[in-house]
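Student: I would like to learn how to read a protein–DNA model. Where do we start?

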There are 2 protein chains.
Amino acid sequence: MKDNTEEKILDAARKVFITKGLDGARMQEIADEAGINKALLHYYFRTKQNLFDAVFEEAFFKLIPHVVNLLTLDIPFLERIEKAIDKYFDVINANPFIPLFVLHEINRDPDKLASLLKKQGVNPEKLKLIVEAEVKAGRIIDIRHEHLMLNIISMIVMSFAARPLFQRMFFENQEEQYEEFLKQRKQEITRFVINSIQKK
Amino acid sequence: MKDNTEEKILDAARKVFITKGLDGARMQEIADEAGINKALLHYYFRTKQNLFDAVFEEAFFKLIPHVVNLLTLDIPFLERIEKAIDKYFDVINANPFIPLFVLHEINRDPDKLASLLKKQGVNPEKLKLIVEAEVKAGRIIDIRHEHLMLNIISMIVMSFAARPLFQRMFFENQEEQYEEFLKQRKQEITRFVINSIQKK
DNA sequence: GTCTATATGCAGATAGAC
DNA sequence: GTCTATCTGCATATAGAC
């Protein structure tokens, strides 16, 4: 049952790599998690690095296409922002450990990125034009698309990446309280952004 | 020359641990970086974990006190925000790898946090009262201090944590262009926050 | 395709001379 | 306090039987 096994391995590898990183992960733990033998991992992927690369690439593309295509839907701009935040927040909420994982591994080996970005054909040009048009038309304040983009992504991503810290600092480590906080968060970020860029 | 050596070790350990993390770091590399022998590391700190803990604690406290005390200066609130962003941005700019390092390691071992937070006596109560007072007085929009705090920190921290990604996505990996972007960023974040919370 | 057993290398840690 | 040499264990990877 080749396909099934390969899928089981990838599921297990995802789980272990994303929480522990490349260096922290153990092939033994991945094998256990997959309910198979260690040698079988090498039969399917030959090296730890290969297995990791498969997981990383998948995670990366779960994160990035949204990031750029977020704001290019064909509806009024402020609604678009709202929709984009809504969508991206849900994606990260479903994969809360991916941003930190990707950021950490990119930091470890930044050059790996170049080829991946080319592969995907990520191109922020369209976003740039849209934002500039909105500014020129006087519908939003004068802001570069890079700042706007980074601000939105930052607030969404950090809601999850900084959770262990914030939950302890502000909510006495109460899971339920932080869950409640997260439920407000999407709306709060939207309001924060809209308030900030719309003309008075 | 005991003191000197211990300081050299800590300098080297800081450098290596903060860029590679606990799992990715090698005692040999730290020894090389310090210009001493591997055995000497163990003479001074006995275990890798001990050495790491020293580095981590230091990094953590470089990050955190600011985070909470940021907004409690005794000047008008919006000015305070400005000053706080200014100060915190400079701190992170001087230590750009620390946030990701701390977040990653907290994720690896969240329980380590409890004791550290107690040690420091971090208490966001004062911040809470201040923000609530401003809201009640009608000087800013109705916002919880946790959201405000997280928003500000997010935008500052991610300016550096996501640099390898953003520099490649938006600036064709040109160092100078991203440096230029960073120079605008402090002012941009300030404007973004003030715009968002001040009453229309 | 899956397993058990094993080779290989390396990292953390210690012993002991100076 | 600092070094060289060495031990120990463990993690990745391979060999080979089924």
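The dialogue below goes through the fold, the pairing of the chains and the DNA contacts.

Student: What should I know before reading any value?

Tutor: This is a predicted model, so local features need pLDDT of at least 70, side-chain atom pairs count only at pLDDT 80 or more, and totals for chains, interfaces and linings use all residues. Residues are numbered from 1 along each chain as its sequence is written, chains are lettered from A and ligands numbered from 1 in the order in which they are written, and side-chain values use heavy atoms, with hydrogens and water left out.

Student: How many helices and strands are there in chain A?

Tutor: Helices (H or I, at least four residues) and strands (E, at least two) are DSSP runs, numbered from the N terminus. Chain A has 11 helices and zero strands. Its pattern along the sequence is α-α-α-α-α-α-α-α-α-α-α. Along the principal axes, the C-alpha atoms of chain A fill a box of roughly 65 × 45 × 30 Å.

Student: What rotation superposes chain B on chain A?

Tutor: Copies are superposed by least squares on the C-alpha atoms of residues with pLDDT of at least 70 in both. Here the rotation is 180 degrees, with 0.0 Å of shift along its axis and an RMSD of 0.0 Å. The two copies are thus related as by a two-fold rotation axis. Ser196(B) has the C-alpha nearest the axis in chain B, 2.1 Å from it.

Student: Which surface serves both copies?

Tutor: Contact means heavy atoms within 4.5 Å. The same surface is used by both: 100% of the contact residues of chain B recur in chain A. By that rule, 58 residues of chain B are in contact with 58 residues of chain A.

Student: How much area do chain B and chain A bury between them?

Tutor: Buried area is the accessible area (1.4 Å probe) that two parts lose on being put together, summed over both. For chain B and chain A the value is about 5,500 Å², with 70% of it on carbon and sulfur atoms.

Student: How many salt bridges are there between chain B and chain A?

Tutor: A salt bridge needs a side-chain nitrogen of Lys or Arg within 4 Å of a carboxyl oxygen of Asp or Glu. Between chain B and chain A the count is two. Asp111(A) pairs with Arg168(B) in a salt bridge, the closest N and O atoms being 3.9 Å apart. Polar contacts are pairs of N or O atoms within 3.5 Å; within protein, one must be able to donate a hydrogen and the other to accept it, and residues adjacent in sequence count only if both atoms are side-chain atoms. Across this interface, 15 residue pairs are in polar contact, both residues at pLDDT 80 or more.

Student: Which elements build the side of chain B that touches chain A?

Tutor: The elements of chain B that give two or more residues include α1, α4 (48–69), α9 (145–161) and α11 (175–197). α9(B) gives the most, with 14 residues. Now sort that side by residue class. Ala, Val, Leu, Ile, Met, Phe, Trp, Tyr, Cys and Pro count as nonpolar, Asp, Glu, Lys and Arg as charged, and the others, Gly among them, as polar. The side of chain B that touches chain A divides into 36 nonpolar, 11 polar and 11 charged residues.

Student: How many salt bridges are there over all chains?

Tutor: The whole structure holds 34. One of them joins Glu33(A) and Lys15(A), with the closest N and O atoms 2.9 Å apart. Glu33(A) lies in helix α2 (residues 27–34) of chain A and Lys15(A) in helix α1 of chain A, so the pair ties together parts 18 residues apart in sequence.

Student: Which residues come nearest to DNA strand D?

Tutor: A residue is near a strand if one of its heavy atoms lies within 4 Å of it. Of the 17 residues around DNA strand D, Lys38(A), Lys48(A), Asn37(B), Tyr43(B) and Tyr44(B) come nearest. α3(B) gives the most to this surface, with four residues. Of the strand D atoms within 4 Å of the protein, 67% belong to sugar or phosphate and the rest to bases.

Student: Which atoms lie by the phosphate oxygens of DNA strand D?

Tutor: Met27(A) places a backbone N or O atom 3.1 Å from a phosphate oxygen of DNA strand D. Asn37(B) has a polar side-chain atom 3.0 Å from a phosphate oxygen of that strand. For Tyr44(B), the distance from a polar side-chain atom to a phosphate oxygen of strand D is 2.7 Å.

Student: And what surrounds DNA strand C?

Tutor: Of the 16 residues around DNA strand C, Thr5(A), Asn37(A), Tyr44(A), Met27(B) and Lys48(B) come nearest. α3(A) supplies the largest share of that surface, four residues. A side-chain N or O atom of Tyr44(A) is 2.7 Å from a phosphate oxygen of DNA strand C. From Met27(B), a backbone N or O atom lies 3.0 Å from a phosphate oxygen of that strand.
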